[in-house]
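Hello,

Here is the structure I promised to pass on to you. Have a look at it first, and then read my notes below.

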Amino acid sequence: MRIADMTWQEYDDQIGRRIVVLPIGSIDGHGPHLPLSADTIISDHLARQLEERLGVLVLPPLTYGLATDPAASGGRFPGVTNVRAATFTALVLDILRASYRHGARRFVLLDSHKVNLGALREAAELFADTAPQARIMAVTWWDVVTEESRNAIAAETGVARHDDHHAAMVETSLVMHAAPHLVREELLADDEIPRRARYFVLPVPQDLRTKTGVVYRAAAASPAIGARLMTEIVTNLVAAVTRELGESPQEVHP
């Protein structure tokens with residue numbers, strides 16, 4: 001059930017009985033072939049799968065996220081819009097506290113933008129400290145993909161995992177499955193940079209940038225890979241949420 005589509009009476013009747021899911025993404029450059037909202041698309045798609053399978057309540061997606069290390073995203077590109085960590089943490093915390101005041105006690109923070117994780121965990125810690133009986137989990141799609149699956153896809157496609165990062169094969173394949181109409185397949189490409197570095201440096205040296213924002217291999221992406229991975233992600237995500245938070249809905253006893 002989508003909270004934004006409910007009346008306040010419908011919401012009031014259900015909020016204490018169901019798990020509340022907050023999909024979280026970003027507005028970030030994802031090469032010439034994916035929309036800026038790619039991370040949000042993946043999180044929102046997964047939230048819909050939880051809605052169908054577990055009857056959770058889904059909050060409107062939190063679209064804005066933290067800034068990615070420019071070297072990890074291939075550089076800085078027009079359209080990328082970030083919020084500060086303090087702003088992000090406060091916003092997530094305010095959303096959780098509002099839902100808690102309304103009666104929610106079980107929460108999933110469902111993220112697809114890796115750099116958000118530290119702030120998400122801080123928000124969850126701050127929330128849990130002042131929310132008796134609340135249970136909360138923060139989870140990303142790569143948390144519930146097995147190493148065997150990632151290794152098998154790398155072997156089958158010839159795309160080594162160290163070449164498959166931001167806007168590359170796996171992430172592109174997931175968007176191909178979740179929102180195929182938003183993928184510019186004719187612009188799928190691989191990219192490269194003169195050198196790679198794990199440390200942070202500003203301004204970003206030219207030899208640490210990609211021309212497109214693909215890091216580094218997207219050409220082998222396919223809807224079939226996306227469907228295959230999404231099946232595993234959804235299966236394992238449902239199992240993890242059920243294990244940690246129980247079934248949804250539950251009876252509420254005064």
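To start with a small puzzle: is Arg-53 buried, partly exposed or exposed? Its relative accessible area is 46%, and since exposed begins over 50% and buried lies under 20%, Arg-53 counts as partly exposed. Please keep in mind throughout that this is a predicted model.

Salt bridges

Arg-53 takes part in a salt bridge with Glu-52, where the closest N and O atoms are 3.7 Å apart. Glu-52 itself is exposed, at a relative accessible area of 61%. The whole structure holds eleven salt bridges, and two others caught my eye.

One of them joins Glu-51 to Arg-2, with 3.4 Å between the closest N and O atoms. This pair ties together distant parts of the chain: Glu-51 sits in helix H2 (residues 38-54), while Arg-2 belongs to the segment before helix H1 (8-14), 49 residues away. Arg-2 has a relative accessible area of 14%, so this arginine is buried.

The other runs between Arg-150 and Asp-164, whose closest N and O atoms are 3.5 Å apart. Here too distant parts of the chain are linked, 14 residues apart: Arg-150 is in helix H5 (residues 147-157), and Asp-164 is in the loop between H5 and helix H6 (169-178). Both Arg-150 and Asp-164 are buried. Elsewhere, salt bridges with shared partners connect Arg-2, Asp-44, Arg-48 and Glu-51 in one network.

The sheet

Four strands form an open sheet in the order E2-E1-E3-E4, and their pairing is parallel. Strands E2 (57-58) and E4 are the edges, each pairing on one side only.

How much of strand E3 (residues 106-111) is buried? Six of its six residues are. Cover comes on both faces: Arg-106, Val-108 and Leu-110 are buried on one side, and Phe-107, Leu-109 and Asp-111 are buried on the other.

E3 has a parallel neighbour in strand E1 (residues 20-24), joined to it by five bridges. In that pairing, Val-20 stands opposite Phe-107 of E3. E3 also pairs with strand E4 (residues 135-140), again in the parallel sense, over six bridges. There, Leu-109 has Ala-138 of E4 as its bridge partner.

Helix H4

Between those last two strands you will want to look at helix H4 (residues 117-129), which makes a right-handed β-α-β unit with E3 and E4. Its length can be checked with a little arithmetic: 13 residues at 1.5 Å a residue should span 18 Å, and the end C-alpha atoms of H4 are indeed 18 Å apart, so expectation and model agree.

Which residues of H4 are buried? They are Leu-117, Ala-119, Leu-120, Ala-123, Ala-124 and Phe-127. Because these cover an arc of only 160 degrees around the axis, they lie on the same side of H4. The face turned away from that buried side carries Gly-118, Arg-121, Glu-125 and Asp-129, which are exposed.

And what covers the buried residues of H4? The cover includes E1, helix H3 (85-102), E3 and E4. So that you can follow this on screen, E3 may be a handy place to begin, as E3 pairs with E4 and also with E1.

Happy browsing, and do write back with any questions.

Best wishes

Definitions and conventions:
Residues are numbered from 1 along each chain as its sequence is written. This is a predicted model: local features need pLDDT of at least 70, side-chain atom pairs count only at pLDDT 80 or more; totals for chains, interfaces and linings use all residues. Side-chain values use heavy atoms; hydrogens and water are left out. Buried means under 20% relative accessible area, exposed over 50%, partly exposed in between (1.4 Å probe, protein chains only). Two strands pair if DSSP finds at least two bridges between them. A crossover is right-handed if, with the strands pointing away from the viewer, the path from the first strand over the helix to the second runs clockwise. A salt bridge is a side-chain nitrogen of Lys or Arg within 4 Å of a carboxyl oxygen of Asp or Glu. The expected span of a helix is 1.5 Å times one less than its number of residues. The arc is that of the directions from the helix axis to the C-beta atoms. Contact means heavy atoms within 4.5 Å.
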